[in-house]
Amino acid sequence: MLQIFPGNINSRHLQTAVDLLKEDGVLIIPTDTVYALACSLTSRKAFERICEIRNIKPAQANFSIIFNDFSHLSEYSKSFSREV
């Protein structure tokens, strides 16, 4: 178990988490209300593992995606108009 605190980030712990994601691993992240499961967006194996943990079929899964900025959004979504 690794604990990474926003105000005092241990770089070795952070690198361990990054390495785990790169190796198709799944992270458990506490939030204000529940524990969240996280994986790399590019890891099919980790995605399927989360589905297995949650006992849902991959075709029925609805997940949130976190980006470090909005510029990455266009890589994973269809184009849309900003006009109202």
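This dialogue explains how to read several features of a predicted model.

Reader: I should like to begin with helix H2 (44-54). Which residues of H2 are buried?

Author: A residue counts as buried when its relative accessible area is under 20%. In H2, the buried residues are Ala-46, Ile-50 and Cys-51. They cover an arc of only 145° around the axis, which places them on the same side of H2. Strand E2 (35-38) is included in what covers these buried residues.

Reader: What is found on the other side of H2?

Author: Arg-44, Lys-45 and Glu-52 are exposed there.

Reader: Which residue just after H2 takes a positive phi?

Author: That residue is Asn-55, with a phi of about 60°. Asn-55 has this positive phi although it is not a glycine. At 70% relative accessibility, Asn-55 counts as exposed, because the cut-off for that class is over 50%.

Reader: Where is Asp-24 placed, and what is its phi?

Author: Asp-24 is in the loop between helix H1 (11-22) and strand E1 (27-30). Its phi is positive, about 65°, and Asp-24 is not a glycine either. With a relative accessible area of 33%, Asp-24 is partly exposed.

Reader: I turn now to aromatic rings. How is a pair of them described?

Author: A pair of aromatic rings is described by the distance of the centres and the angle of the planes. This structure holds two aromatic pairs. One of them is formed by Phe-47 and Phe-63, with 5.3 Å centre to centre and 70° between the planes. This pair is edge-to-face, because planes over 60 degrees apart are classed in that way.

Reader: Which parts does the pair of Phe-47 and Phe-63 tie together?

Author: Phe-47 lies in helix H2 and Phe-63 in the segment after H2, so the pair ties together parts that are 16 residues apart in sequence. Phe-63 counts as partly exposed, at 35% relative accessibility.

Reader: My next topic is pockets. How much space lies in the largest pocket, and which residues are closest to its centre?

Author: A pocket may be read by its volume and by the residues that line it. The largest pocket holds about 850 Å³ of space. It is lined by 25 residues, and those closest to its centre are Ala-38, Cys-39, Ser-64, Ile-65 and Ile-66. E1, E2 and H2 each supply at least two residues of this lining, and H2 gives the most, with four residues. The lining divides into 15 nonpolar, eight polar and two charged residues.

Reader: What are the volume and the lining of the second largest pocket?

Author: Its volume is about 490 Å³. The second largest pocket is lined by 16 residues, of which Leu-2, Leu-27, Ile-28, Ile-29 and Pro-30 lie nearest its centre. H1 and E1 are the elements that give two or more residues to this lining. H1 gives the most, with six residues. Here the lining divides into 14 nonpolar, two polar and no charged residues.

Reader: Finally, with which residues is Tyr-76 in contact, and where is Tyr-76 placed?

Author: Neighbours within four places in sequence are left aside in such a reading. On that basis, Tyr-76 is in contact with Leu-41 and Phe-67. Tyr-76 is placed in the segment after H2 and is partly exposed, with a relative accessible area of 43%. Tyr-76 and Met-1 are 75 residues apart in sequence, and their C-alpha atoms are 31 Å apart in space.

Definitions and conventions:
Residues are numbered from 1 along each chain as its sequence is written. This is a predicted model: local features need pLDDT of at least 70, side-chain atom pairs count only at pLDDT 80 or more; totals for chains, interfaces and linings use all residues. Side-chain values use heavy atoms; hydrogens and water are left out. Buried means under 20% relative accessible area, exposed over 50%, partly exposed in between (1.4 Å probe, protein chains only). Contact means heavy atoms within 4.5 Å. On a 1 Å grid over the protein atoms alone, a cavity is a set of points where a 1.4 Å probe fits but cannot get out, and a pocket is an open set with protein on both sides within 12 Å along at least five of seven lines; lining residues have an atom within 4 Å of a point. Grid points are joined across faces, edges and corners, and a volume is the space filled by probe spheres set on the points. Ala, Val, Leu, Ile, Met, Phe, Trp, Tyr, Cys and Pro count as nonpolar, Asp, Glu, Lys and Arg as charged, and the others, Gly among them, as polar. The arc is that of the directions from the helix axis to the C-beta atoms. Rings of Phe, Tyr and Trp (its six-membered ring) pair if their centres lie within 6.5 Å; planes under 30 degrees apart count as stacked, over 60 as edge-to-face and the rest as tilted.
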